Amino acid sequence: MRILVLSDIHANFPALEAALASAGQVDEIWCLGDVVGYGPYPDQCIQRLRSLENLVCLMGNHDAAVTGKIALESFNQEARHAIYWTRKQISQENKEWLAGLAEHYVIGKATLAHGSPRSPVWEYILDPVTASQNFSEFDTPVCFVGHSHIPVIFTYIGERLPAYWEIPSPGTEIELTSRSIVNPGSIGQPRDHDPRAAFGIFEPDRLTWTPLRVAYDVDSVQSQIRAAALPERHALRLSGGW
Ligand code: ZN
């Protein structure tokens with residue numbers, strides 16, 4: 001069984017399409033939230049996800065903001081601008097779909113959360129101490145999280161010890177231990193200085209994770225961001241992956 005795990009699409013349709021094509025045949029698709037925000041193709045991304053069979057999709061903080069579930073004060077000015085813009089772009093039906101997404105999901109051998117199992121919509125797992133504090137918050141062998149836009153694997157090595165962490169090389173299959181927190185990175189706005197879309201394939205039967213990257217047409221997304229008069233910073237960061 002092959003499961004495509006992706007996160008933080010951020011309304012970047014060309015990046016989403018490239019990842020779906022590159023992943024090939026999969027049995028399930030798990031999306032960890034932030035379908036919209038920052039980028040210029042929110043309706044197209046939602047529509048594409050809704051067309052996929054065997055999709056599980058979570059709600060991220062940007063999705064929650066667009067649907068009015070959380071206050072906008074917690075977002076910086078540029079992110080907030082994109083949230084207002086997105087509200088005007090997406091159809092009522094797609095807004096309702098976003099509003100109905102789950103914050104937290106347990107499926108087979110995995111727990112899914114946008115930020116962390118302890119605080120699904122908000123907490124960033126960026127360091128081994130925060131990761132270690134989250135191992136008691138899920139019961140499955142693996143927990144997948146997004147939100148930080150950084151591909152990383154945290155492994156449990158003992159109570160009150162900071163987790164072991166590694167940044168995996170794309171294309172290399174990794175055998176997970178029975179207690180891991182895995183972040184696939186971001187499809188639409190990578191922040192590890194690699195502009196390619198980040199995602200991965202989880203094989204639950206063998207408990208393996210294969211991180212992957214794929215290049216897409218960054219120029220066309222930047223042009224679309226400018227045409228929509230979204231913040232210039234959202235365009236610039238795509239070419240450098242920050
Ligand atoms: Zn995000």
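The following legends describe close-up views of a predicted model.

**View 1. The zinc ion and its protein donors.** The zinc ion is held at 2.1 to 2.3 Å by D8 (OD), H10 (NE2), D34 (OD) and H149 (NE2). The angles subtended by the four donor atoms range from 85 to 177°, and the arrangement is therefore irregular; a tetrahedral site would require all angles to lie between 85 and 135 degrees.

**View 2. Placement of the zinc donors along the chain.** The donor residues follow the spacing D-x1-H-x23-D-x114-H. Distant parts of the chain are linked by the pair D8 and D34, which are 26 residues apart. D8 lies in the loop between β1 (3–6) and α1 (13–23), and D34 lies in the loop between β2 (28–31) and α2 (42–50). Both D8 and D34 are buried.

**View 3. Side chains of strand β6.** In a regular strand, side chains alternate between the two faces of the sheet. Within β6 (residues 142–145), V142 and F144 point one way, whereas C143 and V145 point the other way. All of these residues are buried.

**View 4. Strand β6 and its pairing with β5 and β10.** Strand β5 (residues 110–113) pairs with β6 in the parallel sense over four bridges, and A113 stands opposite V145 of β6. Between β5 and β6 the chain passes through helix α6 (residues 128–134), forming a right-handed β-α-β crossover. Strand β10 (residues 180–183) also pairs with β6 in the parallel sense, over three bridges. In this pairing, V142 of β6 stands opposite S180 of β10.

Notes. Residues are numbered from 1 along each chain as its sequence is written. This is a predicted model: local features need pLDDT of at least 70, side-chain atom pairs count only at pLDDT 80 or more; totals for chains, interfaces and linings use all residues. Side-chain values use heavy atoms; hydrogens and water are left out. Donors are N, O and S atoms within 2.8 Å of the metal (3.2 Å for Na, K and Ca); water is not among the atoms, so sites may look incomplete. Four donors count as tetrahedral if all angles lie between 85 and 135 degrees; four count as square planar and six as octahedral if opposite donors are over 155 degrees apart and all others between 65 and 115; anything else is irregular. Helices (H or I, at least four residues) and strands (E, at least two) are DSSP runs, numbered from the N terminus. Buried means under 20% relative accessible area, exposed over 50%, partly exposed in between (1.4 Å probe, protein chains only). Two strands pair if DSSP finds at least two bridges between them. A crossover is right-handed if, with the strands pointing away from the viewer, the path from the first strand over the helix to the second runs clockwise.
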